[in-house]
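Work through the exercises below with the sequence and the structure in view. Try each task before reading its solution.

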Amino acid sequence: MTDVTKKFHECWTYFRVSYDENFDMKDFCQKLDLDYEHQKRYGTDEYMEIGSNHFYQQDVNQMVRQTLKDLSGKEKILLELKQKYNLQYTLERVPTINTRSQEPMPKLSLDDDIIEFLYKIGAKDDLDYFIF
């Protein structure tokens, strides 16, 4: 539940990799040069989260770039892994907007380079927001 006494905006971004029982997380991490032990802690039987970021920036693109930093430039590998393991990629953005805040409203639209990255790897963009 959101704390309505807070006077500021928040946001959470992460890259979700959804998979089935044929997924080899160790292989996935090795090919993308990701820390397997770290990723294993943030995974479930159905998905893993990469680049979880709670450090709020008014421009969500700054947060997303931090989330995607370990995947940037690896589009070809991501596509190969997606096909090999039948993966689904989703960029998750979860802002909480406080209408009583004096802060500027967050910029939620994605910059062209981020949209291009998502397109190249066949990823979805999911924006789940809360306004209070």
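**Exercise 1.** Is Arg65 buried, partly exposed or exposed?

*Solution.* The structure is a predicted model, in which local features need pLDDT of at least 70 and side-chain atom pairs count only at pLDDT 80 or more, while totals for chains, interfaces and linings use all residues. Residues are numbered from 1 along each chain as its sequence is written, and side-chain values use heavy atoms, with hydrogens and water left out.

Step 1. Recall the classes: buried means under 20% relative accessible area, exposed means over 50%, and partly exposed lies in between (1.4 Å probe, protein chains only).
Step 2. Look up the value: Arg65 has a relative accessibility of 35%.
Step 3. Arg65 is therefore partly exposed.

**Exercise 2.** Find the partner of Arg65 in a salt bridge, and say which parts of the chain the pair ties together.

*Solution.* Step 1. A salt bridge needs a side-chain nitrogen of Lys or Arg within 4 Å of a carboxyl oxygen of Asp or Glu.
Step 2. Arg65 forms one with Asp111, at 3.2 Å from N to O.
Step 3. Arg65 belongs to helix H3 (residues 60-68), whereas Asp111 sits in the loop between strand E3 (88-97) and helix H5 (112-120), so the pair ties together parts 46 residues apart in sequence. Helices (H or I, at least four residues) and strands (E, at least two) are DSSP runs, numbered from the N terminus.
Step 4. Asp111 is partly exposed, at 23% relative accessibility.

**Exercise 3.** Describe the salt bridge between Asp125 and Arg93, then name the residues of the salt-bridge network.

*Solution.* Step 1. The side chains of Asp125 and Arg93 come to 2.6 Å, N to O.
Step 2. Asp125 is in strand E4 and Arg93 in strand E3, 32 residues apart, and the pair links distant parts of the chain.
Step 3. Asp125 is partly exposed at 38% relative accessible area, whereas Arg93 is buried at 4%.
Step 4. Turning to the network, Arg65, Lys107, Asp111 and Asp113 are joined into one by salt bridges that share partners.
Step 5. The whole structure has nine salt bridges.

**Exercise 4.** How far apart along helix H1 are Lys31 and Asp27?

*Solution.* Step 1. Both residues lie in helix H1 (residues 25-32), four residues apart.
Step 2. Because of this spacing, about one helical turn separates Lys31 and Asp27.
Step 3. Their side chains meet in a salt bridge of 2.7 Å, N to O.
Step 4. Lys31 is partly exposed with 41% relative accessible area, while Asp27 is buried with 13%.

**Exercise 5.** Which residues does Tyr19 touch, leaving out those up to four places away in sequence?

*Solution.* Step 1. Locate Tyr19: it is in the loop between strand E1 (10-18) and H1.
Step 2. Apply the contact rule, heavy atoms within 4.5 Å. Tyr19 then touches Met25, Thr44, Asp45, Glu46, Tyr47, Met48 and Leu87.
Step 3. Take Thr44 from that list: the C-alpha atoms of Tyr19 and Thr44 are 9.8 Å apart, and the two residues are 25 apart in sequence.
Step 4. Tyr19 is buried, with a relative accessible area of 12%.

**Exercise 6.** Examine the backbone angle phi of Asp33 and of Asn86, and place both residues in the chain.

*Solution.* Step 1. Asp33 is not a glycine, yet its phi is positive, at about 60 degrees.
Step 2. Asp33 lies in the loop between H1 and helix H2 (36-41) and is exposed at 68% relative accessibility.
Step 3. Asn86, also a residue other than glycine, has a positive phi near 55 degrees.
Step 4. Asn86 lies in the loop between helix H4 (75-85) and E3 and is exposed at 57% relative accessibility.

**Exercise 7.** How many helices and strands does the chain have, and in what order do they run?

*Solution.* Step 1. The count gives five helices and five strands.
Step 2. Read from the N terminus, the order is β-α-α-β-α-α-β-α-β-β.
Step 3. Of the 132 residues in the chain, 41% are buried.
Step 4. Among contacts between residues at least 6 apart in sequence, 80% join residues at least 24 apart.
Step 5. Along its principal axes, the C-alpha trace spans about 45 × 30 × 20 Å.
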